[in-house]
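Reader: I have a protein model to look at and little practice in reading one. Could you take me through it?

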Amino acid sequence: MKVAIIGAGISGLALAYYLQKLGIRYDLFESSSEVGGMVKSRAQSGYQLELGPHALQMNGELQDLLQELKLDSQIIWPAQAARQRFILRNGKFHSIPTSPLKLLLNSFFSWHTKLQISQEVQKPRQEIPGETVGHFFLRRFGQEVVDYLVQPLVAGVYGGDPDTLLLEKTFPAMKELERAHGSVLKGLVKQHKGEPSQIFTLAPGLQALPNAIASKLVSLHLDHEVEMIHKNRGKFFLSIRHDQEGLSDEEYDLVVLALPAHAAAELLEYTAPGLSAALQNVNYAPLTVVHTAYRKQNVGFTLNGLGALHPGKENPVSTGSIWSSSVFPAVCPEGEVLFSSFVHSGPASAAQVPQKVHRELQQNYSISGSPLFQHCHVWPKALPQPDQFILDVHRLAEVLEEEHLFACANWVAGPAVRDCIAFAKSIAQKIYSRRPSFQ
Ligand SMILES: Cc1cc2nc3c(=O)[nH]c(=O)nc-3n(C[C@H](O)[C@H](O)[C@H](O)COP(=O)(O)OP(=O)(O)OC[C@H]3O[C@@H](n4cnc5c(N)ncnc54)[C@H](O)[C@@H]3O)c2cc1C
């Protein structure tokens, strides 16, 4: 049995790693000259920059993987203060309450909203097919919670809009709480498992993780862009650009798509036209990541926290900023502070974005003087949106597994790196269980 994996982002790498451990032969193809996809770190002029994820959340699979790769000694936990997160409202930062009780005691929400929150336990449970995130939280907690908690969170995590993202695909655990306990609040209190899982980074930058996985792989092909997938008599063949090793002649029993939805759509035009059309419809949010450094003494605000989210109601430039140097002090030279800001825009406005971000930071944090350093990275298609268009993709992807075509990417696993890794492990086990049918 031989498997072709297309895309060496964290999903494809993790899958190759787990298949290799299970003794399954594979070829992993990556179009660019480096691995990691969106997990991209750069060291520049004394700054440690993360162009994609800025920190990862731990789970069992990730912890085991880091140990196996001997990366556990490189883990850097955040400063204690980073537990606190803030939300901008009327030009001021307010700390986000960390428990339902604190939410009620805190002055962030109006009395009317606090009353609605406290009455959530009595609201009837409802099953609304295709319910959006915005509708769910409006129904259970009211408009102010949507505007000042849910919208900034959804914009921060997905670059998305709560009125289009589906609850079941975005926050399935929330729907489960309503189903199981009749109330989100009741469920949260009953399920309280202590501290949420910690975030962390790696000393050389997060790209050390994909690089370490790649160093263990026996069959990784960089600069190999797959252009088309063909199927003939039950076997898959790939058209590969720059194929110096003659891999185009190889036949595969099984193919795994570990690349972005729009890229996968192109490859499947003839082999799986239904899935190809559905993948073409997947919406992606553009995102520009701007790093800005200032002299610490020029910042008239104490940066004690992880960072701040900016609700759309405040008409912000960015959806939020991580106070990177407060979380991981080694990311910039001493005596400086580094902000990482996220702007919901693509290449067209990239030239103006750094200046706009600087002005926003100046205003929000009482900063005097110009930035010491700025860096801008544009992701024209950053994250797939779990809206109504993802439903067909998930349905078809499941059906096509029967035809030995698998999907293992963030558009099926969810956006978090830890979820991509856990999903890759489950796909590796599924593929392993199919072995008898190929012998
Ligand atoms: C700005 C930003 C911030 C983020 N923040 C966080 C965070 O804080 N925490 C977190 O957990 N996650 C975060 N994420 C999400 C996370 O980084 C991604 O969901 C995850 O890395 C996706 O991995 P993937 O392997 O599924 O896809 P990708 O990383 O997109 O990898 C796909 C790979 O396929 C390759 N490819 C494409 N076409 C072809 C082809 N035709 N042939 C061969 N190869 C091809 C690409 O070059 C790429 O390497 C963030 C993402 C962004 C953009």
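The questions below go from the whole protein to its domains and then to two residues.

Reader: This is a predicted model. How many helices and strands does the protein have?

Author: Keep in mind that the model is predicted. Both kinds of element occur in the protein. The count is 17 helices and 19 strands.

Reader: Why does the protein count as being as compact as a globular protein of that length?

Author: Start with the rule: for 439 residues the globule rule gives 22 Å. The C-alpha trace spans about 65 × 55 × 40 Å along its principal axes. The protein counts as that compact because its value is close to the rule, with a radius of gyration of 23 Å.

Reader: What share of the 439 residues is buried?

Author: A residue is buried when its relative accessible area is under 20%. Apply that cut-off to the 439 residues of the protein. The buried share is 52%.

Reader: What part of the exposed area do carbon and sulfur atoms supply?

Author: The protein exposes about 20000 Å². Carbon and sulfur atoms supply a part of that area. Their part is 51%.

Reader: How far apart are the centres of the positive and negative side chains?

Author: There are 39 positive side chains and 41 negative ones. Each set has its own centre. The two centres lie apart by 7 Å.

Reader: How many residues of domain 3 are in contact with domain 1?

Author: Domain 1 is made of residues 2-54, 206-282 and 386-438, while domain 3 covers 284-384. The centres of these two domains are separated by 32 Å. On the domain 1 side, 21 residues take part in the contact. On the domain 3 side, the number is 23.

Reader: Is I431 buried or exposed?

Author: I431 sits in helix α17, which runs over residues 417-433. Beyond four places away in sequence, I431 touches M1, V3, L19, I24, L254, V256 and F406. Its relative accessibility is 0%, so I431 counts as buried.

Reader: How far apart in space are I431 and H404?

Author: In sequence, I431 and H404 are 27 residues apart. In space, go from C-alpha to C-alpha. That distance is 8.9 Å.

Reader: Which residues does S318 touch, leaving out those up to four places away in sequence?

Author: S318 lies in the loop between β15 (307-309) and β16 (320-322). With a relative accessible area of 1%, S318 is buried. Its contacts are H310, S341, F342, V343 and E360.

Conventions
Residues are numbered from 1 along each chain as its sequence is written. This is a predicted model: local features need pLDDT of at least 70, side-chain atom pairs count only at pLDDT 80 or more; totals for chains, interfaces and linings use all residues. Side-chain values use heavy atoms; hydrogens and water are left out. Helices (H or I, at least four residues) and strands (E, at least two) are DSSP runs, numbered from the N terminus. Buried means under 20% relative accessible area, exposed over 50%, partly exposed in between (1.4 Å probe, protein chains only). Contact means heavy atoms within 4.5 Å. The radius of gyration is taken over C-alpha atoms; the globule rule is 2.2 Å times the number of residues to the power 0.38. Accessible areas come from the Shrake-Rupley method with a 1.4 Å probe; for residues, only the protein chains shown count as cover. Lys and Arg count as positive and Asp and Glu as negative; His and the chain ends are not counted. The place of a charge is taken as NZ of Lys, CZ of Arg, CG of Asp or CD of Glu. Domain bounds come from an automatic or database domain assignment.
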